[in-house]
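Reader: Hello! I'd love a close look at one part of this protein, the largest pocket, and then a friendly walk outward from there into the rest of the chain. Could you take me through it step by step?

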Amino acid sequence: MLRPLLFLCALIAPTGAQWSYQQTFNESSVVDISSCPITYYGQQYEQLYVNITSGNVTVCFNGFFNPETGGDCIVERSLGTESFYFQTYSNYYDYCYFYIYFNNMYLVHYISGTQPYLYSFNYISDPTEFELQVGGTTVDTVNVTAYATYYFSISGCRHSGQMYRHGTVISSDPETCFSLTCHETAALNTSSCGPLERCQGNNICVLASTCTVTGPTIIDVHGQINSIQDRCAYSLFSTPLLPDFLVLGNFRDRRRKDVSFLDSVTLRVDGHDIHLEQGGRVQLDDSTLTLSSSSQLVHGVQLSKDQTGVTADLSNLNISVFFDGDTAQILLEGPAGSSVEGLCGNSRRSLSDLRLSEYSSTSCEMQYSETADSTINCTSVTERCNLLKEAPFSSCNSDIDPEPYITACTNTLCKYPAVDGLNCQFLKAYARACSLHNHALDGWTSKTGCSSEAFCQDRTCSDHEFCGEKTVGGDTRCFCRAIFASKYQENNSFGDPTVCMQDSASVTLVGCLLEDKGLDYSALHLNDPTCRGQVDELTHMVTFGFNSSNSCGTVVTTNNSELIYKNTIMTQNSSSDIITRHDQVYIDFSCVQTQPDIKTATFRIRDSSVIQHITSGVWDYTLIMKAFTDAGRTQAVESSTEVQLNQKIWVELKTDGLDGDMVAVVTDSCWATDQPSPDSSPRYDLIINGCANPADQTVQVKDNGLGTSNYFSFNMFEFTGGSGEVFLHCKLHVCPKQNNCVPTCPGAARRRRSARSKYEGEAFISMAWTH
């Protein structure tokens, strides 16, 4: 735009200026202007090609003027000249100029900072005209009237061989929000959505922040990376737009104790927890949800699941969380100024501040170290990770920087073996991040040998397990986590110690440890082949056991004062005459129970019975001694019962709480005293070594050693010269039934107890059981 000036400009140099020597030219000449180069419509030049032809003056920048070939030139058409003067000026600051003087006309180039201008002074009465040409095409015409000064811009841009004035929009695509504009500094400016934005259409950009969490690494919305070294839960993503919404990541160990992986993602929404877990399992608080490709609304979150993973959308706020069991990608779309907090927002808060203790185990911060894996070739790993800079990934590199993904890939795979799909995990994460920014990387799966489907989809593992490859690129199964398995591996065991109860025993084996050894739990059984393990579908723990109802072939032995219950878990004999695939497996487990101490049950014949609770080691049972007046043991001796001397009394010793299929109670001895103490004198023996006292033929012992109760009978007596009280004491023990528990008694004839004259009289005796 030309603007006539209302004053004449004198070429007066300020203090400190530097002038070049004024040169006079009478013919076409090349002038050096490198001290004050000119930017002529977007192209900078350091030389002037000045022509004086037919009295006209032409000033060109890329060669002498030629009407046929054209060029970048300023052509003066009317005044003409036979000579001209040239001089440059510059100061030490931000501007310089040069001028050409001919026929009382100044043509001045002036630059201040980055702004190039031309202006002219006309000191005569005749008007003149300048043509401004670019590539031989006139782009502007300047008409300078008499005694006037004109000031005009020569700023512009070059694009595809064309010249554009500053402020001109060269091209624009509202659907992609892209525009190309000529800036006033003669620079081409491209405009599009920012790195955290996407085009919504109609030249409207909205915030599009993507955070990728894969393996132990967080790549935040700014492309910065952070790494988790422990096994805690961390805040990944939150936004002030939704105060009651939080995305947190739970990190756990897998095959190594010193490398953690993102194991699950939890969305906290309005006080509820939505857990996205490996295998595509989704739990709402403590209940499992069944999802499909059709969205299901749960507490304002649209949940869906396909072969690539699980997606949770908060459509009202344009927040999307995706998790495929290994990688989480969180996308926030919203107006400019939307902020992201947590690890995904490159928060200045420390890791400890972002750790969520309520979702973490108490020992999650403990650090472990392991020996480096010598089988890993870090050079090959780096080559694999660098595929992200090659086609087809390279088409996305300008929008999604591959370097954070390459760093995450190499840092992990140089330390952890490339199993369980890890060789593709970081490539897949980058490809999906690109897709979120409208970059379809066609053919990336075939080039890398990867699949876009979720690894271990629909396989559910327990809390102490993770899903991994059973064979490379083949079947998957649940593996024990390294820290969990280490406590068993240190003891070379498959499970926890045997649990011994009063009438049962059980042992629980870890399913994933059995699988590590190639053992199928369904092929294992106890001594009795019909007794097999029961698997817990949630924990995959396998329990074997026996009880009083089914001993499962348990062998009971004694060792001094101990009873040993022993059984064996073994593989069924499935070998043929031709081949065998596994060695026979034997896993012994046993319960060692201390024999109950010898107990003395005492009664005196005034009370009806005595009941004694006995606890010894794991044994916990009740011993009852009771007297009866009939052989069927239906008429109990009560406190009011009158017992006559020489009357037959039946005494039953019965236990409650012992396993009758496995043990028997043996009465070793019984004797009577006239004092409460069993060691007092005089003493009269009724049972000796489990047999009736041969000196007393009224004594009969029944069922001794056959079960958990026995009884004996004798004729009532009293001690001569005594107090009239009789105290009965018995000693018993518990015997494994597999032994012959029945005492061997002599078959010799028994002698009758000699009668005393006082037996002939009557006596009234009150009977009672005492401890």
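**The largest pocket and its surroundings**

Author: The largest pocket has a volume of about 800 Å³. Please keep in mind that this is a predicted model. The lining of the largest pocket is made up of 33 residues, and the closest to the pocket centre are Arg252, Asp263, Glu277, Arg281 and Asp463. Four strands each give two or more residues to that lining: S27 (245-253), S28 (260-269), S29 (272-277) and S37 (465-469).

From the pocket, strand S27 offers a handy way on to helix H6. The buried residues of H6 pack against S27, and also against strand S38 (476-480), strand S40 (504-510) and helix H7 (511-516). Helix H6 itself covers residues 482-489, and its buried residues are Ala482, Phe484, Ala485, Ser486 and Tyr488. Strand S38 (476-480) is worth a second look, since a charge sits over a ring there: Arg255 lies over the face of Phe479, at 4.3 Å from the ring centre. A second arrangement of this kind involves Arg633, which lies over the face of Tyr711 at 3.7 Å from the ring centre.

Now for the nonpolar interior. The largest nonpolar core has 49 residues, and Phe544, Tyr565, Ile569, Phe712 and Phe714 are those with the most contacts inside it. Take Ile569 as an example: beyond its neighbours within four places in sequence, Ile569 is in contact with Val507, Leu509, Leu524, His525, Leu526, Phe544, Val585, Tyr586, Ile587 and Phe589. Apart from this core lies another one, of 40 residues, which includes Val247, Ile330, Cys344 and Cys364.

Helix H3 (residues 403-413) is another good stop, being mostly covered, with 8 of its 11 residues buried. The buried residues in H3 are Pro404, Tyr405, Ile406, Ala408, Cys409, Thr410, Thr412 and Leu413.

Further towards the start of the numbering, let's visit Leu118, which lies in strand S13 (residues 115-122). Leu118 has a relative accessible area of 3%, so it counts as buried, the cut-off being under 20%. Setting aside its neighbours within four places in sequence, Leu118 is in contact with Ile74, Val108, His109, Tyr150, Tyr151, Phe152 and Ile154. One of these partners, Ile154, is 36 residues away along the chain, yet the C-alpha atoms of Leu118 and Ile154 are separated by 6.8 Å.

The aromatic rings deserve a visit too. The structure holds 15 aromatic pairs. In one of them, the rings of Tyr40 and Tyr41 have their centres 4.9 Å apart and their planes at 80°, so this pair is edge-to-face. Tyr40 counts as buried because its relative accessibility is 0%, and Tyr41 is buried as well, with a relative accessible area of 0%. Together with Tyr45 and Phe61, Tyr40 and Tyr41 form one aromatic cluster.

Finally, let's step back to the whole chain. The chain contains 7 helices and 57 strands. Of its 771 residues, 48% are buried. Among contacts in the chain with a separation of 6 or more, 58% join residues that are 24 or more positions apart. The contact between Leu118 and Ile154, 36 residues apart along the chain, is a nice example to look up in the viewer.

Definitions and conventions:
Residues numbered from 1 in each chain as written. Predicted model: local features only at pLDDT ≥ 70, side-chain atom pairs only at ≥ 80, totals over all residues. Heavy atoms only, no water. Phe/Tyr/Trp six-rings, centres within 6.5 Å; stacked < 30°, edge-to-face > 60°. Buried < 20%, exposed > 50% of the residue type's maximum accessible area, 1.4 Å probe, protein only. Lys NZ or Arg CZ within 6 Å of the ring centre and 35° of its normal. Core = buried A, V, L, I, M, F, W, Y, C linked by side-chain atoms within 4.5 Å. Contact = heavy atoms within 4.5 Å. 1 Å grid on protein atoms, 1.4 Å probe; cavity = no way out; pocket = protein on both sides within 12 Å on 5 of 7 lines; lining within 4 Å. Points joined across faces, edges and corners; volume = space filled by probe spheres on them.
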